[in-house]
Amino acid sequence: MADNFRVIFAGLADNVDIKTACTNLAAKLKTSDEKVALFFKGKPLFAPSDKDKALKQAKLLASLGIKSKLQAVSNAIQNSSAPAANNQRDERIFDALDYITSSLIRLEEKLDELEQRLPEAQLKAPDENVDEWQDDDLMLDEDLAPPKKRINLLLYSLIATATILLVVLAVFLIFPDLFSF
C-alpha cells in the first residue's frame, strides 16, 4: 500500500513575516486568509497526496518563503476509525465546495471584466442581424387529413405492467413482513 504525504508548516524564511506570507499564500491559492492562518497553526492546508504532488506543494510554499516538511500518512491509519474517516470525508467535501465557490467567483469577476471591455454602444444597440419571421401563410396543395386513430396495445400493456409493479412495490414497502420468506 502506497503511503500518502501531507505538507506540514515548519517555519518561515528569515526575511518573511507571517502576515505577508499569509496574504501571499492566500492570493496564490485563491483561498481565505483564515484557512492559511490555520495552516500556520498546524492544521493541514492540503489533503494527503502522493509524494510527487506533496513535493510540488512544498516547492510552492518554499517559493513564497514558507518552510515546510512532508509527513507520511498511511492509508491504514486514515481508514482505521469511522468517525475520523467521516470527518475527513466531510472536510474534503467542504474543501471541494470552497474550491467550486472560489472558481465561480473568479468566473464572475472575469465576466464583469469582459463586460467592462465591451464598448457601451455595442451593449446599448440591439442586434440588427435578428431575422424577422415571415408572416406569409404556408401554401399547401393538399388538404391535410386527420391522422387515423389506432389503439396501441403495446403501450397500454406497458403502462398497466408499470402500474402493477408500482402497486406491488408500495405494498412491499408498507408491509415488509408480508413478503418475508
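1. Read from one end of the sequence to the other, the protein chain of this predicted model follows the pattern β-α-α-α-β-α-α-α-α. The chain accordingly has 7 helices and 2 strands, and the points below concentrate on strand E1, which covers residues 4–12, and on the helices H1, residues 18–29, and H2, residues 33–40.

2. For the protein chain as a whole, two figures may help a new reader. Buried residues make up 18% of its 181 residues, and, among the contacts with a separation of 6 or more, 70% are accounted for by residues 24 or more positions apart.

3. How many aromatic pairs does the structure hold? There are 3 of them, and one joins phenylalanine 9 to phenylalanine 39, whose ring centres are 5.9 Å apart and whose planes stand at 70 degrees; because an angle over 60 degrees counts as edge-to-face, this pair is placed in that class. The pair links distant parts of the chain, since phenylalanine 9 belongs to strand E1 whereas phenylalanine 39 belongs to helix H2, 30 residues apart. Phenylalanine 39 has a relative accessibility of 0% and therefore counts as buried.

4. Phenylalanine 9 also forms an aromatic pair with phenylalanine 40, and this pair is likewise described as edge-to-face, with 4.9 Å from centre to centre and 75 degrees between the planes. Here too distant parts of the chain are linked, with phenylalanine 9 in strand E1 and phenylalanine 40 in helix H2, 31 residues apart. Phenylalanine 40 has a relative accessible area of 10% and is buried, because the cut-off for that class is under 20%. Taken together, Phe9, Phe39 and Phe40 are linked into a cluster by ring pairs.

5. Helix H2 also packs against helix H1. The axes of H1 and H2 come within 9 Å and cross at roughly 125 degrees, which means that H1 is oblique to H2. The crossing in which H1 passes H2 is right-handed.

6. Which residues of H1 and H2 meet? On the side of H1 they are Ile18, Ala21, Cys22, Thr23, Leu25 and Ala26, and on the side of H2 they are Asp33, Val36, Ala37, Phe39 and Phe40. Sorted by class, the contact of H1 with H2 has 9 nonpolar, 1 polar and 1 charged residues. Phe39 and Phe40 thus appear in two settings, for they are among the H2 residues that meet H1 and they belong to the cluster with Phe9.

Methods. Residues are numbered from 1 along each chain as its sequence is written. This is a predicted model: local features need pLDDT of at least 70, side-chain atom pairs count only at pLDDT 80 or more; totals for chains, interfaces and linings use all residues. Side-chain values use heavy atoms; hydrogens and water are left out. Rings of Phe, Tyr and Trp (its six-membered ring) pair if their centres lie within 6.5 Å; planes under 30 degrees apart count as stacked, over 60 as edge-to-face and the rest as tilted. Helices (H or I, at least four residues) and strands (E, at least two) are DSSP runs, numbered from the N terminus. Buried means under 20% relative accessible area, exposed over 50%, partly exposed in between (1.4 Å probe, protein chains only). Axes are lines fitted to C-alpha atoms, for helices over the stretch in contact, and angles run from 0 to 180 degrees between N-to-C directions. Angles under 35 degrees count as roughly parallel, over 145 as roughly antiparallel, 65 to 115 as roughly perpendicular and the rest as oblique. A crossing is left-handed if the near helix is turned anticlockwise from the far one by less than a right angle, and right-handed if clockwise. Contact means heavy atoms within 4.5 Å. Ala, Val, Leu, Ile, Met, Phe, Trp, Tyr, Cys and Pro count as nonpolar, Asp, Glu, Lys and Arg as charged, and the others, Gly among them, as polar.
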